[in-house]
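This report walks through one protein model, from its strands to its metal site. Keep the sequence and the 3D view open while reading.

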Amino acid sequence: MNGTDMLTIGAFARACRLSPKALRLYDELELLRPARVDPDTGYRYYAVAQLERARLVAWLRRLGMPLARIREVCALEPAGAAREISAYWAEAEAQTAVRRDLAAFLVHHLSEQSAKDVTMKDTTMLELRYSAHSDRGLVRPSNQDTAYAGTRLLAVADGFGPAGAPASGAAVEALRFLDTEEVPAGNVLNLLEEAVRGATEAVRDVADPDENGTTLTALLWTGSKLALVHIGDSRAYLLRDGGLFRITHDHSVVQSLIDEGRLTPEEAGAHPQRSLLLKALTTAAPDLKLHDAHRGDRYLLCSDGLTAVVPEHRIRELLTARPDPEEAVRALVDAANEAGGPDNVSCVVADVV
Ligand code: MG
């Protein structure tokens with residue numbers, strides 16, 4: 001390499017739009033080493049050929065990517081780097097979606113507080129008609145799921161580990177006070193947080209959290225809205241105007257691979273790690289969401305024992321064809337068992353009437 005190919009740190013910084021300070025940091029982190037360091041003066045010199053990498057680092061910084069991850073991307077050939085960047089961005093979007101839901105929840109919460117004195121709207125005349133059932137399935141030796149439905153509370157929990165059954169039972173039991181308590185809509189956030197804390201402690205009390213845990217998907221009826229608490233891979237669906245919408249996001253390894261574009265939903269069904277969870281009740285904070293209730297809405301909560309073997313189009317058909325919640329629940333559980341019943345299966349169906 002001859003001298004004309006070398007740039008001083010200042011010239012190099014201007015050319016790649018990074019500051020000399022940033023370049024010194026990247027040198028220390030071994031993200032971008034200078035081509036030559038003068039042994040006498042300690043001055044750093046960069047090769048013109050290093051500009052491309054420096055510009056990539058600058059762009060990735062602008063994207064918000066952490067330095068450790070940038071180092072990984074820079075070590076890859078272009079195709080691999082492209083895959084890694086799209087995976088990073090998919091993760092960022094999934095995290096933003098969770099924050100967006102929480103922000104919407106807070107906006108609802110605060111506007112309801114400010115509208116406290118306004119007369120009750122006609123939506124408060126709505127109520128729930130519901131049914132719940134949990135079944136062992138055809139293969140598992142015991143049932144570790146818990147399902148519950150009451151006037152205000154709907155819940156499904158799927159326990160895992162040697163004490164999975166007490167874990168899911170304790171989580172739901174700890175929420176049951178919500179069913180008998182008047183829930184002022186403006187207070188629902190604090191109430192839910194308290195309830196989730198109680199449920200987490202209850203699970204820790206009955207089951208060693210190193211070996212056991214549970215999912216939890218629950219809806220709390222406020223009289224005009226439904227507040228959703230969700231962690232794990234049990235799911236909530238909304239059947240509205242003939243369409244079936246999943247309103248929860250699975251906290252599972254397989255779902256994160258789908259989000260990152262590394263796996264298609266079709267491949268996910270056969271994935272050996274499809275039951276591995278990323279989050280459970282004792283390990284992370286659940287997602288919170290608030291849903292406006294419309295007359296005629298039908299909600300389904302279910303454990304993965306249903307969704308792993310019964311495709312969503314079939315779930316929609318069964319829900320649409322059975323107006324009675326109890327019959328709908330029975331038809332869904334039967335469908336899972338007809339498909340081999342490989343796991344415990346729990347369903348809660350609730351109609352807004
Ligand atoms: Mg299960």
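Which residue in strand 3 does Val-37 stand opposite? Val-37 stands opposite Arg-44. The model is a predicted one.

## The three-stranded sheet

Val-37 and Arg-44 face each other where strand 2 meets strand 3 (residues 44–47). Two bridges join these strands, and they run antiparallel. Together with strand 1 they form an open sheet of three strands, in the order 1-3-2 and with antiparallel pairing. Strand 1 (6–8) and strand 2 (36–37) are the edge strands. Each of these two pairs on one side only.

## Domains

The protein chain is divided into domain 1 (3–75) and domain 2 (126–352). Their C-alpha centres lie 50 Å apart.

## Strand 14 and its neighbours

Strand 14 is mostly covered, with eight of its eight residues buried. Val-345, Cys-347, Val-349 and Asp-351 point one way from the strand. Ser-346, Val-348, Ala-350 and Val-352 point the other way.

Two strands pair with strand 14 in the antiparallel sense. Strand 4 (residues 128–135) does so over eight bridges. Here Ser-134 has Ser-346 as its bridge partner. Strand 13 (residues 298–302) is joined to strand 14 by five bridges. In this pairing, Leu-300 is matched with Val-349.

## Asp-351

Is Asp-351 buried or exposed? Its relative accessibility is 7%, and the cut-off for buried is under 20%, so Asp-351 counts as buried. The residue sits in strand 14 (residues 345–352).

The side chain of Asp-351 makes a polar contact of 2.6 Å with the side chain of Arg-298. Arg-298 is also among the residues that Asp-351 touches, leaving aside those up to four places away in sequence. The others are Glu-127, Leu-128, Arg-129, Asp-297, Pro-323 and Pro-325.

## The magnesium site

Which residues coordinate the magnesium ion? Asp-158, Asp-304 and Asp-343 do, each through OD, at 2.1 to 2.3 Å. Along the chain, the donors follow the spacing D-x145-D-x38-D. Asp-158 lies in strand 6 (residues 153–160) and Asp-304 in helix 11 (residues 304–307), so this pair ties together parts that are 146 residues apart in sequence.

Two of these donors can be checked for burial. Asp-158 has a relative accessible area of 11%, so Asp-158 is buried. Asp-304 has a relative accessible area of 14%, so Asp-304 is buried as well.

## Nonpolar cores

The largest nonpolar core has 30 residues. Leu-175, Val-188, Leu-192, Leu-220 and Leu-281 touch the most other members. Several elements give two or more residues to this core: strand 6, helix 6 (164–175), helix 8 (188–206), strand 8 (216–221), strand 9 (225–231) and strand 12 (287–292). Helix 8 gives the most, with eight residues.

Leu-175 touches Leu-153, Ala-195, Ala-199, Leu-216 and Ala-218, not counting residues up to four places away in sequence. Another core, of 22 residues, lies apart from the largest one. Among its members are Phe-12, Tyr-26, Val-73 and Cys-74.

Definitions and conventions:
Residues numbered from 1 in each chain as written. Predicted model: local features only at pLDDT ≥ 70, side-chain atom pairs only at ≥ 80, totals over all residues. Heavy atoms only, no water. Helix = DSSP H or I, 4+ residues; strand = E, 2+ residues; numbered from the N terminus. Buried < 20%, exposed > 50% of the residue type's maximum accessible area, 1.4 Å probe, protein only. Polar contact = N/O pair within 3.5 Å; in protein donor to acceptor, adjacent residues only side chain to side chain. Contact = heavy atoms within 4.5 Å. Donors = N, O, S within 2.8 Å, 3.2 Å for Na, K, Ca; no water. Domains from an automatic or database assignment. Core = buried A, V, L, I, M, F, W, Y, C linked by side-chain atoms within 4.5 Å. Pairing = 2+ DSSP bridges.
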